[in-house]
Amino acid sequence: MITRMSTLFLRTLREDPADAEVPSHRLLVRAGYVRRVAPGIYSWLPLGLRVLHNVERIVREEMDAIGAQEIHLPALLPKEPYEQTNRWTEYGPNMFRLRDRKGGDYLLGPTHEELFAQTVKGEYNSYRDFPVYLYQIQTKYRDEERPRAGILRGREFVMKDSYSFDLDDDGLRSSYERHRGAYIRLFDRVGLRYVIVAATSGAMGGSASEEFLAESITGEDTFVRSTESGFAANVEAVTTPAPAAGSVEGKPAAEVHHTPDTPTIETLVDFLDSSGERGFTAADTLKNVLVKTRQPGTREWELLAVGVPGDREVDMKRLEAALEPAEVELLEDADFAANPFLVKGYVGPKAVQDNGVRYLVDPRIVTGTAWVTGADKADHHVVDLVCGRDFTPDGTVEAADVREGDPSPDGNGTLEAARGIEIGHIFQLGRKYTDAISLDALGQDGKPKRVTMGSYGVGVSRMIAAIAEQHHDSSGLVWPREVAPADVHVVVAGKDDTVREGAERISAELDEAGVRVILDDRGVSPGVKFADAELVGVPTIVVVGKGLTKGVVEVKDRATGEGTEVSADSVVGHLVGLVRS
Ligand code: ATP
Ligand code: MG
């Protein structure tokens, strides 16, 4: 079927939408692919829906190819399964909750581990049934704090989620590898440039996990990669190489010094330098940052002190990831007032630990290292406070910021930072969910065996925004062919009958040959048609105009802008070849 611009439900916009900050959002709205309904909630118009269906088809093909089977679960879910795993509370404010007329609690599914596990439990019970992979392509709901950039971060969005069920850890690892392979193939097919990074597993629980990040400066995820090796990781997942612990023997004794007006690391270092004894830098100081944390479902906040070398900041995202699923907030003045043992600007490990506050430190703070830190008294610091002698932290925490130039955790090279859009996430969940609902299979030996699970997500709708971020220019979108809403965009550039008839004939023959055609048959100027063709972004544009009297039409490559004259008689064969190649 030929898509005619004269009747296509499409109005392109000349102006950028006022709320659009990133190119994909601007262009998908201007080219009439999506329309905003409410924050983070979008409608798909005909061209957008085609791209969505193309992406879904590729995802289905690659999932089917690893033996995964498609099912479809409801998006409207009862609370009970999520209560069994504690996610009804743990998921926090991102979950859309609602009540039915009888007062029953429901939610709109943000992800479906519970329901998939329950579904498998309902049907399977023998070792012969496993492994099994199930997936769905479904609308997900998350009440995101900051919906952003159109379909990039929606509150309603399309996700492919699949789940693997295995009898043992080796099985889980191989299921994970197969999903990883399928993801590589599908992201390659849609034309995305991406990296695979080590990730933290967050609220999901579980162990091994990797994210697929489409490289883009507009991405919200900062990741780091090694300058030398293939190491790449989400900043939240970077582990700090710890120096070897040293001896505490023979270190100078700790001494409290009067250091007037030195509540910040900078003022402290200046003061120590001007007092002249030794050359101190910020890296010799130990900064203690106070936060409060609260476990999901509880009301009490608990104090926590985090010690990091003074030349680094506490990265709240890293700290939150480390303390997941707890909420974390910095202390306010009122909290300091309520805990007078905390002397703002001069907090040391002693007051913290003497008052029962948990004290976690950066992995660089190992036994035998000496620090300048707060003496728990205004205008006083202690010098040569030795870890393992004068204080013993309650543990370590990955909270300090990660910087370009830091050593790569794999020991090869240093780290550099880049930004990306998370398009996929794969987890080896393990037994968190199967334990919660006792999902067992009867083993060969007649004994029940606990099933182990993997969970694998693809942001189907977000992928379209990511593709648009990577494939556009100043005139519009530039779709990779497999996802494009059509193969060829035929522009009728002239009013006389020969031109119109020529374009109709070419379009009809292309359509017959299975090429997807958009035909711009509107009664508007060629200039408007060219601009719209570039905005819409179909990979090949055919201009049928005056040249037809000489028997030629122009075939333009949308990506390179290059145009070639092709004889009108052979253009169909030429285009069929182009599309199939
Ligand atoms: P993010 O960190 O971006 O919020 P997430 O880690 O919470 O994502 P997952 O739970 O891993 O997301 O979901 C699987 C995939 O679904 C993600 O990799 C992403 O591509 C997509 N996705 C998640 N949230 C959204 C959203 N709000 N809008 C569009 N796609 C999303
Ligand atoms: Mg994720």
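1. Ser438 is partly exposed in this predicted model, at a relative accessible area of 35%. That value falls between the 20% bound for buried and the 50% bound for exposed, which is why Ser438 belongs to neither class. Ser438 sits in the loop that runs from helix H11 (432-437) to strand E23. Its phi is near 50°, which is positive although the residue is not glycine.

2. A second residue with positive phi is Asp376, again not a glycine, with a value near 65°. Asp376 is placed in the loop joining strand E19 (370-374) to strand E20 (380-386). Most residues other than glycine have a negative phi, and most peptide bonds are trans. The peptide bond between Phe130 and Pro131 is cis, with omega about 0°. Pro131 belongs to the loop between helix H5 (113-123) and strand E8 (132-141). These backbone points are worth a look in the model.

3. On the overall fold: the protein has 15 helices and 32 strands. Its C-alpha trace spans about 95 × 70 × 50 Å along the principal axes. Of the 581 residues, 52% are buried. Among contacts with a sequence separation of 6 or more, 70% are between residues 24 or more positions apart. The exposed area is about 25,900 Å², and 49% of it comes from carbon and sulfur atoms.

4. The division into domains gives domain 1 (46-238 + 416-463), domain 2 (255-396) and domain 3 (486-580). Domain 1 is thus written as two segments, 46-238 and 416-463. Between the C-alpha centres of domain 1 and domain 3 the distance is 42 Å.

5. The largest nonpolar core contains 59 residues. Tyr33, Phe187, Leu192, Ile423, Met463 and Trp479 have the most contacts inside it. Domain 1 (46-238 + 416-463) and domain 3 (486-580) each contribute at least three residues to this core. A separate second core has 25 residues, including Leu73, Leu107, Phe116 and Leu429.

6. What does Leu192 touch, leaving out residues up to four places away in sequence? Its partners are Phe187, Ala214, Ile423, Met463, Ala466, Ile467 and Gln470. Among these, Phe187, Ile423 and Met463 are also listed with the most contacts inside the largest core.

7. Ligand 1 has 13 residues around it, and those that come nearest are Arg142, Glu144, Arg153, Gly154 and Glu422. A polar side-chain atom of Arg153 is 2.8 Å from an oxygen atom of the ligand. Gly154 contributes a backbone N or O atom, 2.8 Å from a nitrogen atom of ligand 1. From the side chain of His425, an N or O atom lies 3.1 Å from a ligand oxygen atom. The protein covers 86% of the 580 Å² of accessible area that ligand 1 has on its own.

8. Which strands each supply at least two residues of the shell around ligand 1? They are strand E9 (156-166) and strand E22 (415-430). E22 gives the largest share, four residues.

9. Two charged residues are listed as buried. Glu56, in helix H2 (residues 46-65), has a relative accessible area of 12%, so it is under the 20% bound for buried. Beyond its neighbours within four places in sequence, Glu56 contacts Ile137, Val158 and Val460.

10. Lys79 occupies the loop between strand E5 (76-78) and helix H3 (80-84). It counts as buried because its relative accessible area, 15%, is under 20%. The Lys79 side chain makes a polar contact of 3.0 Å with the side chain of Asp105. With neighbours within four places in sequence set aside, Lys79 is in contact with Trp88, Asp105, Tyr106 and Leu107. Leu107 is also one of the residues of the second core.

11. Two loop glycines complete the note. Gly446 lies between strand E23 (440-442) and strand E24 (448-450) and is partly exposed at 47% relative accessibility. Its C-alpha is 9.6 Å from that of Tyr127, with the two positions 319 residues apart in sequence numbering. Gly561 is in the loop between strand E31 (552-557) and strand E32 (563-567), and is partly exposed at 47%. Gly561 and Glu534 are 27 residues apart in sequence and 9.6 Å apart, C-alpha to C-alpha.

Key: Residues numbered from 1 in each chain as written. Chains lettered and ligands numbered in written order. Predicted model: local features only at pLDDT ≥ 70, side-chain atom pairs only at ≥ 80, totals over all residues. Heavy atoms only, no water. Core = buried A, V, L, I, M, F, W, Y, C linked by side-chain atoms within 4.5 Å. Buried < 20%, exposed > 50% of the residue type's maximum accessible area, 1.4 Å probe, protein only. Domains from an automatic or database assignment. Contact = heavy atoms within 4.5 Å. Near = heavy atom within 4 Å. Polar contact = N/O pair within 3.5 Å; in protein donor to acceptor, adjacent residues only side chain to side chain. Areas by Shrake-Rupley, 256 points an atom, 1.4 Å probe, with all protein chains shown as cover.
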